[in-house]
Amino acid sequence: MKYICTLFMLLTAPSYAVANNQQQSAEDLCEMEWRITDRAGSTDTDVFEIVYGELTAFNAAGHSLSEYSIDKADFVKVSTEGAKSFRKMVGEMTTPYDEARSFFKERMTPICIKNVLKTLNQEH
């Protein structure tokens with residue numbers, strides 16, 4: 001019982017909670033970025049509509065770009081440009097996008113999470 005209480009105290013300590021929340025926050029932001037990228041590569045939907053739709057859903061889930069010190073206008077600009085570039089690249093591929101989808105996600109998501117965590121750790 002003594003060990004369980006100690007473990008509980010450690011797991012609920014503020015430093016652990018912040019680290020845990022940073023990980024989840026990074027995952028949530030990167031998942032939104034992936035959905036933007038994926039939809040740009042797999043649909044003909046207007047890229048601005050994709051970015052604003054995902055941003056609206058992100059905010060509705062209780063997140064805010066300000067949590068990451070990201071300016072909304074910059075985010076929209078960079079995400080839109082990135083999605084357009086990705087869409088162009090996918091259009092030039094000989095492999096169907098559906099076959100390459102997991103390849104892109106498996107490479108993009110971990111790098112994104114690493115970069116977001118690095119930024120969050122610099123701020124705290």
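Contact here means heavy atoms within 4.5 Å. With that in hand, here are the legends.

**Figure 1. The whole chain, a predicted model built from five helices and zero strands.** This is a predicted model, where local features need pLDDT of at least 70 and side-chain atom pairs count only at pLDDT 80 or more, while totals for chains, interfaces and linings use all residues. Residues are numbered from 1 along each chain as its sequence is written, and side-chain values use heavy atoms, with hydrogens and water left out. Helices (H or I, at least four residues) and strands (E, at least two) are DSSP runs, numbered from the N terminus. Along the sequence the pattern reads α-α-α-α-α. Of the 124 residues in the chain, 31% are buried; buried means under 20% relative accessible area, exposed means over 50%, and partly exposed is in between (1.4 Å probe, protein chains only). Take the contacts with a separation of 6 or more: 71% of them come from residues 24 or more positions apart.

**Figure 2. How confident the predictor is, and where to be careful.** The pLDDT score is the predictor's confidence in each residue, from 0 to 100. Its average over the chain is 85, and 82% of the residues score at least 70. Residues 1-19 are another story: pLDDT stays under 50 there, and the model gives that stretch two contacts beyond four places in sequence. Where pLDDT is low, the predicted coordinates should not be read in detail.

**Figure 3. The disulfide between C30 and C112.** A disulfide is counted when a pair of cysteine sulfur atoms sits within 2.5 Å, and that rule gives one disulfide here. The S to S distance between C30 and C112 is 2.1 Å. C30 belongs to helix α2 (residues 14-42) and C112 to helix α5 (residues 97-123), so the bond ties together parts that are 82 residues apart in sequence. The torsion about the S-S bond is about -85 degrees, so this disulfide is left-handed. Are the two cysteines buried or exposed? C30 and C112 are both buried.

**Figure 4. Helix α3, with its buried face and its two ends.** Helix α3 runs over residues 47-60, and its 14 residues reach 20 Å from first C-alpha to last, close to the 20 Å expected at 1.5 Å a residue. The expected span is 1.5 Å times one less than the number of residues in the helix. Which residues of α3 are buried? They are V47, I50, V51, E54, L55 and F58. Seen down the axis, they fall within an arc of 125 degrees, so they line one face of the helix; the arc is that of the directions from the helix axis to the C-beta atoms. An α-helix has 3.6 residues a turn, so residues three or four places apart point the same way. On the other side of α3, E49, T56 and A60 are exposed. At the N-terminal end, D46 acts as a cap, with a side-chain oxygen 3.2 Å from the backbone nitrogen of F48. After α3 comes G62, whose phi is positive, near 95 degrees.

**Figure 5. Helix α4 and its two faces.** Helix α4 spans residues 72-92. Its 21 residues should span 30 Å at 1.5 Å a residue, and the end C-alpha atoms are 30 Å apart, which agrees. Buried in α4 are F75, V76, S79, T80, A83, F86 and V90. They cover an arc of only 135 degrees around the axis, which puts them on the same side of α4. The face turned away from that buried side carries exposed A73, K77, V78, K88 and E92. D71 caps the N-terminal end of α4, with a side-chain oxygen 3.3 Å from the backbone nitrogen of A73.

**Figure 6. A close look at V76 and S79, both in α4.** V76 has a relative accessibility of 7%, so V76 counts as buried. Leaving aside neighbours within four places in sequence, V76 is in contact with V51, Y52 and L55. The C-alpha atoms of V76 and V51 are separated by 6.6 Å, though these residues are 25 apart along the chain. S79 is buried too, with a relative accessible area of 7%. What does the side chain of S79 make a polar contact with? Its partner is the side chain of E33, at 3.3 Å. A polar contact is a pair of N or O atoms within 3.5 Å; within protein, one must be able to donate a hydrogen and the other to accept it, and residues adjacent in sequence count only if both atoms are side-chain atoms. With neighbours within four places in sequence left aside, S79 is in contact with E33, I36 and V51.
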